[in-house]
Protein chains: 2
Amino acid sequence: MSVNHYHNTLSLHQHHQNDVAIAHRESLFEKSLTPSDVGKLNRLVIPKQHAEKYFPLNNGGGGDDVATTEKGMLLSFEDESGKCWKFRYSYWNSSQSYVLTKGWSRYVKDKHLDAGDVVFFQRHRFDLHRLFIGWRRRGEASSSPAVSAVSQEALVNTTAYWSGLTTPYRQVHASTTYPNIHQEYSHYDACARVVTVEKL
Amino acid sequence: MSVNHYHNTLSLHQHHQNDVAIAHRESLFEKSLTPSDVGKLNRLVIPKQHAEKYFPLNNGGGGDDVATTEKGMLLSFEDESGKCWKFRYSYWNSSQSYVLTKGWSRYVKDKHLDAGDVVFFQRHRFDLHRLFIGWRRRGEASSSPAVSAVSQEALVNTTAYWSGLTTPYRQVHASTTYPNIHQEYSHYDACARVVTVEKL
DNA sequence: CGGTACACCTGAGAA
DNA sequence: ATTCTCAGGTGTACC
C-alpha cells in the first residue's frame with residue numbers, strides 16, 4: 001500500500017478533525033481521468049453539465065460576470081488531509097469546454113494520479129462555498145455508497161453563491177486571509193479557514 | 001551562396017554609406033536563436049541580463065515608466081542594408097522574461113533565419129539611441145574578429161549610457177522628426193533618419 | 001477563417 | 001534545497 005493510498009482511504013479515520021466535515025459533505029460529481037487529464041496538457045476537463053451546474057462562470061447576468069468569463073476564476077478545494085488546493089477554472093471557447101488549468105498538474109503529481117483514476121468533488125451541505133476534492137484509484141469502489149444519490153435537489157441552491165472576490169497569484173501565499181484584490185481572476189476561497197502554506 | 005548570405009557578408013563592402021556607421025558601432029550582445037525564437041511563437045526571448053542592461057523598460061524613475069513597463073515599447077533597429085525594423089519589446093510577467101514580439105516574425109522570415117543562426121545587436125557609439133540588428137548563419141565566424149573582445153569591455157562602458165539616461169523615452173521620441181505618436185507603446189525611433197515605408 | 005499578436009503558464013535545468 | 005531563467009507552450013482577441 002502506497003503512502004498516497006494510505007492517505008486516501010484511511011484519512012476518514014486518521015484525521016479526526018475532518019470526520020465532522022465529511023458527514024456534512026454532499027457529492028457533486030466525479031470523473032474518471034483521461035490520459036489528457038493527467039498528461040502534459042496540465043488541465044482537467046470538467047464535463048459541461050457538471051461545470052454549469054456546480055461551478056457556473058456566468059449565468060447571463062451582466063457586470064462583473066463578463067470579467068469572470070473572460071478571465072476565469074480561482075476555485076479552492078480542501079483535500080482529504082485538509083490541505084487547500086487552488087485551481088484556475090475557466091471556459092475554453094475554442095473547445096467549448098470548462099477546465100481546471102493552473103494548479104491542476106501539481107495536484108496530479110502530488111496524488112500520483114493516472115488515467116483511469118477517479119477524482120470527485122464535494123461541497124459542504126450548509127456552508128456551500130466550502131468545496132472538497134478527493135480521488136481514488138482506478139477500479140476501487142467509492143467509499144460512500146450514498147454518493148450518487150445526492151445531487152439534483154441541491155443544484156438550484158448553489159448557483160447564487162458564486163461571486164467575485166479576487167486574489168492575485170503571487171500574493172496568495174503571502175497571506176492566508178487574502179486581503180488583496182486581483183485584477184484578473186474572480187476568486188472564491190473555499191478553504192480560507194484552513195491554514196495551509198502552499199505554492200500555487 | 002544565397003541572396004541573403006550575400007547581403008549579410010558583403011554588405012560591409014557593398015553599402016558604402018554604412019561603412020562609416022559600422023566603425024562607430026559597438027556590440028551589445030548576440031544570441032544564438034532557439035527553435036522557438038524562429039518558430040511559431042513569433043517572439044524572441046532577450047536574455048534578462050542583456051535586456052535589463054541595454055533595453056531597460058523602466059529605470060526605476062516612476063511615473064510614465066509604469067506605463068512603459070505595462071505596455072512595452074517599440075524598438076527600432078537598422079539592419080545591414082539600412083532598413084529600419086521595428087519590434088514590440090515587452091516584459092512577460094508570467095515567465096519573467098523580456099521579449100520582442102510584434103514584428104519579429106517578419107524579420108525572421110525576411111532573413112530566412114533558422115535555429116542556431118545568430119542575431120546580434122549593436123548601437124552607435126556616439127548616437128546611443130541608434131540601434132542596429134544583424135545576423136549570421138549558424139557556425140559562421142563573427143565578421144569582426146574583435147567583436148568578442150570588444151563586448152566584454154564595452155559592457156561596462158555602455159551600461160551607464162542607458163541607465164544614466166535622464167531623458168525619458170517619450171521625450172526623446174518627441175524630439176525626433178518622427179511625426180506619428182503611437183498610442184500604445186513608448187517608442188523611440190532609432191532609425192528616424194532612414195526613410196523607410198514599412199508595415200509594422 | 002487563418003495568421004498574427006498578446007498575455008498567460010510550466011517544466012527542466014542552471015545557478 | 002530553493003530560486004531563477006527561459007525554451008516551449010497555451011487560449012483568446014483581433015484583423
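This tour moves through a predicted model, from chain A as a whole to the surface near DNA strand D and then to individual strands and loops.

**Chain A as a whole**

Begin by selecting chain A and colouring by secondary structure, which should bring up eight helices and eight strands. Of the 200 residues in this chain, 47% count as buried, and the accessible surface comes to about 10300 Å², with 54% of that area belonging to carbon and sulfur atoms. If you draw the contacts between residues at least 6 apart in sequence, 62% of them join residues that are at least 24 apart.

**The surface near DNA strand D**

Next select DNA strand D together with the 16 residues around it, of which Tyr91(A), Lys31(B), Ser36(B), Arg43(B) and Lys48(B) come nearest. Sorted by class, this surface has seven nonpolar, five polar and four charged residues. Two elements that each supply at least two residues to it are β4 (84-92) of chain A and α3 (35-38) of chain B, and it is worth keeping both of them displayed.

Which parts of DNA strand D make up the atoms within 4 Å of the protein? Sugar or phosphate accounts for 71% of those atoms, while the rest belong to bases.

Now zoom in on three side chains of chain B. In Lys31(B), a side-chain N or O atom is 2.7 Å from a phosphate oxygen of DNA strand D, and in Lys48(B) the corresponding separation from a phosphate oxygen of the strand is 2.6 Å. Arg43(B) should be viewed against the bases, for one of its polar side-chain atoms lies 2.7 Å from a base nitrogen of DNA strand D.

**Strands β4 and β5 of chain A**

From Tyr91(A), step across to Tyr98(A), which stands opposite it in β5(A). The two strands concerned, β4(A) and β5(A), pair in the antiparallel sense over four bridges, and they form a hairpin with four residues between them, where Gln96(A) in the turn has a positive phi of about 55°.

Stay with strand β5 (residues 97-100) of chain A and show its side chains: Ser97(A) and Val99(A) point one way, Tyr98(A) and Leu100(A) point the other way, and all are buried. Add strand β2 (residues 44-46) of chain A, which pairs with β5(A) in the antiparallel sense over three bridges; here Ile46(A) is the residue that stands opposite Tyr98(A).

**Strands β3 and β4 of chain B**

Move to chain B and select strand β3 (residues 73-78), where six of the six residues are buried. Both faces of this strand are covered, with Met73(B), Leu75(B) and Phe77(B) on one side and Leu74(B), Ser76(B) and Glu78(B) on the other. Six bridges join β3(B) to strand β4 (residues 84-92) of chain B in an antiparallel arrangement, and Glu78(B) stands opposite Cys84(B) in β4(B). The two strands form a hairpin with five residues between them, and in its turn Gly82(B) has a positive phi of about 90°.

**Strands β1 and β6 of chain B**

Strand β1 (residues 25-32) of chain B is mostly covered, since six of its eight residues are buried. Display strand β6 (residues 118-124) of chain B beside it, and seven bridges in the antiparallel sense can be traced between the two, among them the one that partners Glu30(B) with Phe120(B).

**Three loop residues**

Finish with three residues in loops. Thr101(B) sits between β5 (97-100) and α6 (104-111) of chain B. Is Thr101(B) buried or exposed? Thr101(B) counts as buried because its relative accessible area is 15%, under the 20% cut-off. Leaving aside neighbours within four places in sequence, Thr101(B) is in contact with Asn42(B), Arg43(B), Arg88(B) and Trp92(B).

In chain A, select His112(A) in the loop between α6 (104-111) and β6 (118-124); its relative accessible area of 47% makes it partly exposed. The C-alpha atoms of His112(A) and Val38(A) are separated by 9.1 Å, although the two residues are 74 apart along the chain.

The last stop is Gly139(A), in the loop between β7 (131-136) and α7 (155-158) of chain A, which counts as exposed at 79% relative accessibility. From C-alpha to C-alpha, Gly139(A) is 8.8 Å from Val118(A), with their positions 21 residues apart in sequence numbering.

Terms used:
Residues numbered from 1 in each chain as written. Chains lettered and ligands numbered in written order. Predicted model: local features only at pLDDT ≥ 70, side-chain atom pairs only at ≥ 80, totals over all residues. Heavy atoms only, no water. Near = heavy atom within 4 Å. Polar contact = N/O pair within 3.5 Å; in protein donor to acceptor, adjacent residues only side chain to side chain. Nonpolar A, V, L, I, M, F, W, Y, C, P; charged D, E, K, R; others polar. Buried < 20%, exposed > 50% of the residue type's maximum accessible area, 1.4 Å probe, protein only. Pairing = 2+ DSSP bridges. Contact = heavy atoms within 4.5 Å. Areas by Shrake-Rupley, 256 points an atom, 1.4 Å probe, with all protein chains shown as cover.
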